[in-house]
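Reader: I should like to learn how the features of a structural model are read, one after another. Could we take a case and work through it together?

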Amino acid sequence: MQPTFNPDRNGLKKDWVILDKTVQYTGRYSIGDVVFLTSPGNPDMKLIKRIVALEGDAVRPRRGLEEGVGNWGWKIGMDHNGYIKIPRGYCWVESDESFRGMDSNTFGPIPLGLVESRVAYVIWPPERLHAVERKLPKVGRVLKSHGFTFDIQEADDAQLITLLSK
């Protein structure tokens with residue numbers, strides 16, 4: 001999850017984080033939350049990823065080397081515009097760096113039951129003490145099930161806009 005965590009690429013300084021386990025019981029996940037989860041392919045492996053889409057939303061997976069993925073190892077219904085609807089009880093998670101690690105672009109949507117907690121704060125090293133920010137996906141990646149989508153005004157500044165219905 002670099003650069004969100006462990007921005008020191010030489011690996012000498014590792015971030016320590018505080019996990020908020022209440023989301024596991026309340027189910028109050030939000031798009032942009034960073035979460036701690038069990039890998040869907042290996043129950044002994046833990047992952048930290050960012051939620052990009054929730055149940056009922058439609059997401060456009062990353063494609064090709066320029067977006068960080070090659071061939072998908074999973075199959076799920078995709079519409080003619082390349083969007084995948086996230087099934088009930090599932091979410092779509094991704095790494096912050098598209099070319100690193102395994103995420104939903106590799107293993108598909110994951111059950112929300114695999115999400116153990118939300119990463120709330122970085123507490124170590126002391127100079128990096130801060131709350132973990134929620135970051136919204138880039139324009140066109142997610143269509144919200146309740147009539148919203150994301151639009152970008154600037155590279156890192158996202159806002160919700162209402163979709164026009166016909």
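**Reading strands, ion pairs and rings**

Author: Let us begin with a single rung of a sheet: Phe36 has Ile48 in strand 3 as its bridge partner. Please keep in mind throughout that this is a predicted model.

Reader: How many bridges join strand 2 to strand 3, and do the two run parallel or antiparallel?

Author: Strand 2 and strand 3 run antiparallel and are joined by five bridges. Strand 3 also pairs with strand 6, again in the antiparallel sense, over four bridges. Within that second pairing, Ala53 has Trp92 of strand 6 as its bridge partner.

Reader: What should one expect of the side chains along a strand?

Author: In a regular strand, side chains alternate between the two faces of the sheet. As for covering, strand 3, which spans residues 46–54, has seven buried residues out of nine and is thus mostly covered.

Reader: Let us turn to ion pairs. How many salt bridges does the structure hold?

Author: There are six salt bridges in the structure. One of them is formed by the side chains of Arg118 and Asp20, at 3.1 Å from N to O. Because Arg118 belongs to strand 8 (residues 115–124) and Asp20 to strand 1 (residues 16–20), this pair ties together parts that are 98 residues apart in sequence.

Reader: Is Asp20 buried or exposed?

Author: Asp20 has a relative accessible area of 18%; the cut-off for buried is under 20%, so Asp20 counts as buried.

Reader: Which residue meets Asp33 in a salt bridge?

Author: The partner is Arg134, and the side chains of Asp33 and Arg134 meet at 2.9 Å, N to O. The two residues are 101 residues apart and link distant parts of the chain: Asp33 is in the loop between helix 1 and strand 2, and Arg134 is in the loop between strand 9 (130–131) and strand 10 (142–143). Asp33 is buried, at 4% relative accessible area, whereas Arg134 is partly exposed, at 49% relative accessibility.

Reader: What else does Asp33 touch, if residues up to four places away in sequence are not counted?

Author: Besides Arg134, Asp33 touches Arg28, Lys49, Arg50, Ile51 and Arg118. Arg118 has already appeared in this discussion as the salt-bridge partner of Asp20.

Reader: Which residue forms a salt bridge with Glu94?

Author: Arg141 does, with a distance of 2.6 Å from N to O between the side chains. Glu94 lies in strand 6 (residues 90–94) and Arg141 in the loop between strand 9 and strand 10, so the pair ties together parts that are 47 residues apart in sequence. Arg141 counts as buried at 8% relative accessibility, and Glu94 is buried at 3%.

Reader: Finally, how does one describe a pair of aromatic rings?

Author: Such a pair is described by the distance of the centres and the angle of the planes. A search of the whole structure finds one aromatic pair. Trp16 and Trp124 form this pair, which is tilted, with 5.9 Å centre to centre and 35 degrees between the planes.

Reader: Where do Trp16 and Trp124 lie?

Author: Trp16 lies in strand 1 and Trp124 in strand 8, so the pair ties together parts that are 108 residues apart in sequence. Trp16 counts as exposed, at 53% relative accessibility, and Trp124 is partly exposed, with a relative accessible area of 43%.

Methods. Residues numbered from 1 in each chain as written. Predicted model: local features only at pLDDT ≥ 70, side-chain atom pairs only at ≥ 80, totals over all residues. Heavy atoms only, no water. Contact = heavy atoms within 4.5 Å. Salt bridge = Lys/Arg side-chain N within 4 Å of Asp/Glu carboxyl O. Buried < 20%, exposed > 50% of the residue type's maximum accessible area, 1.4 Å probe, protein only. Phe/Tyr/Trp six-rings, centres within 6.5 Å; stacked < 30°, edge-to-face > 60°. Pairing = 2+ DSSP bridges.
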